[in-house]
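Let's walk through a structure together, one feature at a time. Have the viewer open and follow along.

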Protein chains: 2
Amino acid sequence: MHVLVTGAAGMIGRKLLERLARDGGLNGTSIDKLTLTDIVPPQAPKGLTANIHLKTADLAAPGIAEDLVKDRPDVIFHLAAIPSGGSETDFEAGYRANLDGTRGLLEAIRKTGDGYRPKVIYTSSIAVYGGPFPPSIPDDFILAPLTSYGAHKVICETLLADYNRRGFLDGVGVRLCGITVRPGKPNLAASGFYSAIIREPLAGHEAILPVGDNVTNTHASPRAAAGFLVHAASLTPQQLGPRINITMPGVCCTIGEQIAALRRVAGDRVAARIRREPDEFIIRIVGGWPRRFENTRARELGFTAETSFDEIIRVHIEDDLGGTFAS
Amino acid sequence: MHVLVTGAAGMIGRKLLERLARDGGLNGTSIDKLTLTDIVPPQAPKGLTANIHLKTADLAAPGIAEDLVKDRPDVIFHLAAIPSGGSETDFEAGYRANLDGTRGLLEAIRKTGDGYRPKVIYTSSIAVYGGPFPPSIPDDFILAPLTSYGAHKVICETLLADYNRRGFLDGVGVRLCGITVRPGKPNLAASGFYSAIIREPLAGHEAILPVGDNVTNTHASPRAAAGFLVHAASLTPQQLGPRINITMPGVCCTIGEQIAALRRVAGDRVAARIRREPDEFIIRIVGGWPRRFENTRARELGFTAETSFDEIIRVHIEDDLGGTFAS
């Protein structure tokens, strides 16, 4: 099996590659050839015995998508994207990377023709949703994004579903909720504090909490995100039906519940490293985000995430901290 | 005021122009300059004393959108599209005209810059919806189209909303339901019979009804469609909020109720010109179409359609048949 991963150098890409390496393949099938591409140099995962090709390239540049598709990968994980903040600050760069890049990839697949019909797993986002929201968002809730990034995701989900319906590919859109705890350095995303208030205290550092204890969102771990992508690749068109873009499950909890979980898992001294410093700008942004999802279809299709925020913290300690933390 | 109409030679375009001519302007403002464009030659409406420019051009061709926008029209009615059937039979032509053509127009507006922010009224369609449906489709129902045409409409609605949110234009997406009775010759669209079973009997001709009496859909007249567009141009961003794409109202009725209305309006002899000839192919297509809408927002925003199918038939007799029919 030949697997192509775009955005392979990103956090979710790396977690997916670790998972494929650990599994020794994809859903029981060994991977003969693995093509990894990103706009920054991707790294080959350790422990996978495939023929690995690393391509540093801009997917939206002419000829790149055609080049990636010409060897007919069987499964394409399309993760490449400019995230929410960057798409909002640079309108043209966001549309170019997220819309033109994705459409170019789908077009390269379609134009291959000759019966070529790869499985395409696309990472979408709950940014497809914009308020006002019902208390719990059902699977048939309107796609009315309030960011350019969310607009790109709606547009590309719609393209994917149309290319799927026309028989050019077998698509699945995987709408990720908040992915927590993100390893690595703090970033400037408005959502960055969700990971920082867990990651930084566990590393012995102070973290700033800019919102109140009652703020509620839905989270899944990076390990769960990689699991969603792997599971999506196992689904058949018959299981999926025409609505191929699925909102992923997660743990819905308040900030207060997240902090209580940190206290349970890592102790009072760790949890005390969170410093409250309300930021009206971030409070307003986060207040517009979707909170809770029904996830009926995701459950029916067998997608699973953690069942408690304690578990999400433990996954971070296991996967990113080698099992220890700064108590 | 300078008004630009794309797709001006199409049926809805012509009805809009008749309405503007009859009103002597747009919502009480006189039109100094009217630019009409279509891929086939548009015709100047009779009775409008504006400076009228007719441009036969392909909106998706390089430079055309920029040329149309360079004189900074205040209001743009963007009606140009390859319809449902054509978008399904020619994948590339559909995407080029409907997606690239619309995106090119929005980009030409954005790149004008310098404070230019026109009102853009976009004709969308209930083809944005795909089953399964609830008994009545609420305004916050998912956009999950089952045709390429519907996919184009979702994508362009999403673009319009993002360009609106970013302040490049003031947009309104007008989702039309079935527009009945369409004047002119019978066409080959799967939906053609809806108009044909009224129009042809009123003209003294036989019409074939390929579906059963219980088939239910929502209809508004071409006059109502022109009214939706004119009313949309009167709405302020404050009235619209971020969800600028609105499903229009109409008369929800069964085929049996449509025929009963024809009998009431035009008599038994006219209604007897409908010949039943079930067509499994059309029955299956029509069975997948949305039937009934809640239209809460459209009503709140003041959009109005006919209130009975009798009225829809009378509008056709008045507007297209000069008040008479073949009894």
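**Reading contacts, crossings and interfaces**

Q: This is a predicted model, so let me start with one residue. Leaving aside neighbours within four places in sequence, which residues is Met248(A) in contact with?
A: Look for partners that come from elsewhere along the chain. With neighbours within four places in sequence set aside, Met248(A) is in contact with Val174(A), Arg175(A), Leu176(A), Cys177(A), Ala220(A), Phe228(A), Ala298(A), Phe303(A) and Ala305(A).

Q: And which residues have the most contacts inside the largest nonpolar core?
A: Met248(A) is on that list, with Val174(A), Leu229(A), Val174(B), Leu229(B) and Met248(B). The core itself has 200 residues.

Q: How do I read a helix pair, say α1(B) and α7(B)? At what angle do their axes cross?
A: Check the approach and the angle. The axes of α1 (residues 11–23) and α7 (residues 222–232) of chain B come within 9 Å and cross at roughly 70 degrees. Angles of 65 to 115 degrees count as roughly perpendicular, so that is what α1(B) and α7(B) are to each other. Their crossing is right-handed.

Q: Which residues meet there?
A: From α1(B), Met11(B), Ile12(B), Lys15(B), Leu16(B) and Arg19(B); from α7(B), Pro222(B), Arg223(B), Ala225(B), Ala226(B), Leu229(B) and Val230(B). By class, this contact has 8 nonpolar, no polar and 3 charged residues.

Q: What about the chains? How many residues does each give to the contact?
A: Interface size is often given as the accessible area lost when the parts come together. Counting residues here, chain B gives 18 and chain A gives 18. On the chain B side, the largest share, 7 residues, comes from helix α5 (residues 148–165). That side has 10 nonpolar, 3 polar and 5 charged residues.

Notes:
Residues numbered from 1 in each chain as written. Chains lettered and ligands numbered in written order. Predicted model: local features only at pLDDT ≥ 70, side-chain atom pairs only at ≥ 80, totals over all residues. Contact = placed C-beta atoms within 7 Å. Helix = DSSP H or I, 4+ residues; strand = E, 2+ residues; numbered from the N terminus. Nonpolar A, V, L, I, M, F, W, Y, C, P; charged D, E, K, R; others polar. Axes fitted to C-alpha atoms, helices over the stretch in contact; angles between N-to-C directions. Parallel < 35°, antiparallel > 145°, perpendicular 65-115°, else oblique. Left-handed = near helix turned anticlockwise from the far one by under 90°. Core = buried A, V, L, I, M, F, W, Y, C linked by C-beta atoms within 7 Å. Buried ≥ 20, exposed ≤ 12 C-beta atoms within 10 Å, placed from the backbone.
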